[in-house]
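Thank you all for making the time this morning. I would like to walk you through one model, beginning at the place where two chains meet and then working outwards from there.

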Amino acid sequence: MHETVGAPVAPAEVGASAEGLVRLSQARPGDHGVIAEVRADHATEHAVDVHELERRLLEFGFVEGAAFEVLHQGLFGADPIAVKLDDMRVALRRRDAADVWVRLEADR
Amino acid sequence: MSEAALPPTRIALVGNPNTGKTALFNALTGGRQKVANYAGVTVERKEGFLTTPGGRRLSVLDLPGTYSLRARSPDEVVTRDVVLGRLAGEAAPDVVVAVADATNLRLVLRLILELKAVGRPMVLALNMYDIAQRQGLRIDLEGLGRELGCPIVTTVATRKRGITELAEQVDALVESGALATDNAWHEPSAAEIRSAHRDAQRLLKAHVRPPERPDTLTGRIDSVLLHPVAGLVILLALLFLMFQAVFTWAGPPADAIEGGVAWLGGLVGEWLPDGLIRSLIVDGLFAGVGSVLVFLPQILVLFLFIILLEDLGYMARAAFLMDRIMGGAGLHGRAFIPLLSSFACAIPGVMAARVIDQKRDRMTTILVAPLMTCSARIPVYTLIIGAFIPDRTVGPGLNLQGLVMFGLYAAGIASALAVSFVIRKVFWRGAVEPFLMELPTYKLPSLESVLRNLWLRAEIFISRAGRIIMPLMVLVWVLSTFPGPPPGATDPAIDYSFAGIIGQALQPLFAPIGFNWQMVVALIPGFAAREVAVAALGTVYAVGDAEANVGALGARLAEHWSLATGLSFLAWYVFAPQCAATLGVVKRETNSWGWTAVMFVYMVALAYLASFVVYNVAVALGAG
């Protein structure tokens with residue numbers, strides 16, 4: 001169902017990985033850092049087009065430069081996740097979080 | 001010219017969800033509110049009135065919460081269209097009041113920038129300002145107001161603070177002759193949303209100092225309530241408590257209502273001469289209305305829980321916890337709220353599906369909502385269980401009747417999940433919509449707003465009982481009274497009536513599922529509203545019995561029905577679309593007779609199938 005969890009990074013995305021970016025969908029509770037890029041691509045198949053998904057993510061505050069911390073995850077398939085985003089908390093599924101690239105920071 | 005002849009100044013409240021917008025609306029307008037629907041859509045239109053300190057009359061619209069004017073759900077479309085003055089029959093507001101949670105400004109600032117582009121005169125209400133102060137959050141009101149180009153008022157809606165000041169600001173704004181400028185709003189692109197975020201970020205940095213004592217309570221509560229295991233256990237416990245409460249708390253008031261209505265009916269009956277009129281009023285109206293009003297306590301208890309959990313901020317957590325389980329069946333986590341409401345009544349449930357901003361998820365939710373056991377089924381279940389299931393303890397704290405009731409609820413839930421799974425496979429070919437949802441900070445609900453909301457639900461239920469059920473009860477009475485029996489007839493009078501004729505004509509269709517013609521008669525008015533079936537059974541089995549009550553009716557049923565028939569009737573009621581009002585709402589919400597027909601057909605088919613299986617299995621086991 002949630003093919004994005006732990007999915008191997010496709011070759012085209014290695015460049016991004018080399019910059020130390022990971023998909024938010026791969027983060028675990030406790031992981032925190034800064035959102036580096038919101039880039040809807042075809043990583044997962046959605047009922048809305050990629051530009052619409054990108055705008056929705058942006059409207060919920062998933063925007064470059066925002067600080068985040070993954071707080072919780074669901075029992076089944078570790079999905080969905082609850083993310084603290086600056087001052088607010090947002091829940092989303094990992095498949096949607098795959099379009100958010102983040103830079104993880106070491107534990108404080 | 002009298003003052004009343006002046007049209008009131010129109011203001012509209014716009015803001016993110018969970019900003020206390022409705023609390024502000026209540027604080028502004030008090031009891032002077034009208035709840036209706038916007039023309040052509042079933043989005044609730046809440047309008048209230050007040051007079052400002054300057055003597056100006058204001059009409060206030062409480063618009064549905066939204067994160068963006070780029071509307072995606074029917075609720076958000078209304079907000080956008082009202083603000084833009086595009087909605088037919090709705091003039092654009094003279095003043096827009098942007099409502100913000102002072103402790104969570106980031107997203108709302110972006111919305112405010114969108115609202116500014118619309119060009120209407122605007123006041124910003126920073127609500128929950130007391131919490132911001134307690135957290136040591138500092139907001140440079142003057143500077144922020146200057147940059148946004150609108151006056152800012154701080155409010156604490158739940159304590160009615162800042163309300164007069166807000167009204168004064170609206171007054172001043174209208175007084176100053178501020179006029180709407182040209183609308184420059186258009187649907188923002190991703191780049192424009194990013195740029196608006198940067199602007200909002202800059203405003204925050206320049207004018208807001210982050211809290212010295214940020215709220216940690218929500219985080220601490222969440223570490224328990226959103227715990228993968230403990231969270232689910234607590235959710236299930238809450239649901240269990242809720243259903244227990246529906247049956248135990250509602251018992252005494254329900255008995256009181258039942259007794260009161262019967263007493264009134266008896267009183268009125270003494271005043272009336274024996275004959276048709278007395279029979280109509282006592283057996284038709286009083287017995288019918290009484291059998292409906294008796295469920296008001298249960299509906300109120302259920303809504304009390306739903307409103308409390310919603311106001312606390314728990315509903316979003318429930319949606320989070322349930323998302324994966326519901327997602328497996330093709331439902332959105334948010335569908336949890338409409339489906340939970342459907343336990344009270346499918347109508348608010350279907351309407352609450354508007355919170356789901358994706359069309360497919362909303363359609364699926366609407367189609368399965370009527371499978372959840374609504375409170376109108378409770379009278380039917382209570383009657384049949386009371387009549388056929390022994391009141392026996394089968395384990396510590398486990399009562400057989402309660403267990404059967406639980407089983408019926410579980411059957412509704414399981415079938416809703418199964419049906420939505422099929423719908424997704426058949427109609428949507430497996431496509432999945434995004435799931436994004438804010439988890440609001442926990443807040444103590446205000447007693448006043450809970451009571452106001454509860455009162456609203458009671459009003460809706462009572463008016464429905466009055467407008468739909470009363471005329472139907474008269475119809476049932478007419479059908480079961482005329483024509484009268486021929487002289488010298490030996491069978492009960494109803495056998496000769498229209499109801500008897502119709503029931504006997506349709507009965508062969510229902511024979512394979514064990515229904516007798518009296519049941520078929522009860523099903524006919526039961527299509528208008530499920531609970532009517534109880535009153536109709538009462539009429540069919542006890543015409544002329546002024547004291548028709550549920551206990552006596554149950555005893556009559558136990559005499560006339562086999563256990564297999566009783567169980568089959570229960571199975572029918574789990575699935576059958578026995579509610580014209582729900583079908584009407586589904587038509588309006590989906591704007592499609594096609595979807596309404598899909599729902600009707602699949603539910604009838606499931607009901608017939610389930611009853612057929614239950615009846616024949618029960619007969620085979622010797623319960624026929």
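Which side chain of chain A does Arg194(B) meet in a salt bridge? The partner is Glu54(A), and the nitrogen-to-oxygen distance in this pair is 3.0 Å. Please keep in mind, as I go on, that this is a predicted model, so every value I quote is computed from it.

That pair is part of a longer list, since eleven salt bridges are found across the interface of chain A and chain B, while the count over all chains comes to 34. In general terms, side chains of opposite charge can pair when their charged atoms come close. Between chain A and chain B there are also 16 residue pairs in polar contact, counting those in which both residues have a pLDDT of 80 or more.

Which parts of chain A supply the side that touches chain B? Helix 2, strand 3 (67–73), strand 4 (81–85), strand 5 and helix 3 (94–97) of chain A each bring at least two residues to it, and helix 2 of chain A gives the most, with eight residues. If we sort the residues on this side of chain A by character, we find 19 nonpolar, seven polar and 14 charged.

Turning to the extent of the interface, 40 residues of chain A are in contact with 47 residues of chain B. The two chains bury about 3,800 Å² between them, and 58% of that area lies on carbon and sulfur atoms. Three residues, Glu59(A), Arg89(A) and Arg93(A), supply 22% of the area that chain A buries against chain B, which is more than any other three residues supply.

The two chains also come together through their backbones, in that strand 5 of chain A pairs with strand 12 of chain B in the antiparallel sense, over four bridges. Within this pairing, Leu92(A) stands opposite Leu436(B) of strand 12.

This brings me to the sheet as a whole, which is open, has seven strands with antiparallel pairing, and runs in the order 1(A)-6(A)-2(A)-3(A)-4(A)-5(A)-12(B). Its edges are strand 1 (21–23) of chain A and strand 12 (436–439) of chain B, each of which pairs on one side only. On average, and ignoring direction, neighbouring strands of this sheet are turned by 40° against each other. Further in, strand 2 (residues 32–38) and strand 6 (residues 100–104) of chain A are antiparallel partners over five bridges, with Glu37(A) having Trp101(A) of strand 6 as its bridge partner.

Where does helix 2 (residues 50–59) of chain A lie? This helix lies across strand 2, strand 5 (88–92) and strand 6 of chain A, together with strand 12 of chain B, and runs at about 145° to strand 2 of chain A. There is a salt bridge here as well, between Glu52(A) and Arg55(A), whose closest N and O atoms are 3.7 Å apart. Because these two residues are three apart in helix 2 of chain A, about one helical turn separates Glu52(A) from Arg55(A).

Finally, I would ask you to look at the loop between strand 3 and strand 4 of chain A, where Pro80(A) lies. A cis peptide bond joins Asp79(A) to Pro80(A), with omega at about -5°. Ala78(A) lies in the loop between these strands too, and its phi is near 55°, a positive value in a residue other than glycine.

Key:
Residues are numbered from 1 along each chain as its sequence is written. Chains are lettered from A and ligands numbered from 1 in the order in which they are written. This is a predicted model: local features need pLDDT of at least 70, side-chain atom pairs count only at pLDDT 80 or more; totals for chains, interfaces and linings use all residues. Side-chain values use heavy atoms; hydrogens and water are left out. Two strands pair if DSSP finds at least two bridges between them. Axes are lines fitted to C-alpha atoms, for helices over the stretch in contact, and angles run from 0 to 180 degrees between N-to-C directions. Contact means heavy atoms within 4.5 Å. Buried area is the accessible area (1.4 Å probe) that two parts lose on being put together, summed over both. A salt bridge is a side-chain nitrogen of Lys or Arg within 4 Å of a carboxyl oxygen of Asp or Glu. A polar contact is a pair of N or O atoms within 3.5 Å; within protein, one must be able to donate a hydrogen and the other to accept it, and residues adjacent in sequence count only if both atoms are side-chain atoms. Ala, Val, Leu, Ile, Met, Phe, Trp, Tyr, Cys and Pro count as nonpolar, Asp, Glu, Lys and Arg as charged, and the others, Gly among them, as polar.
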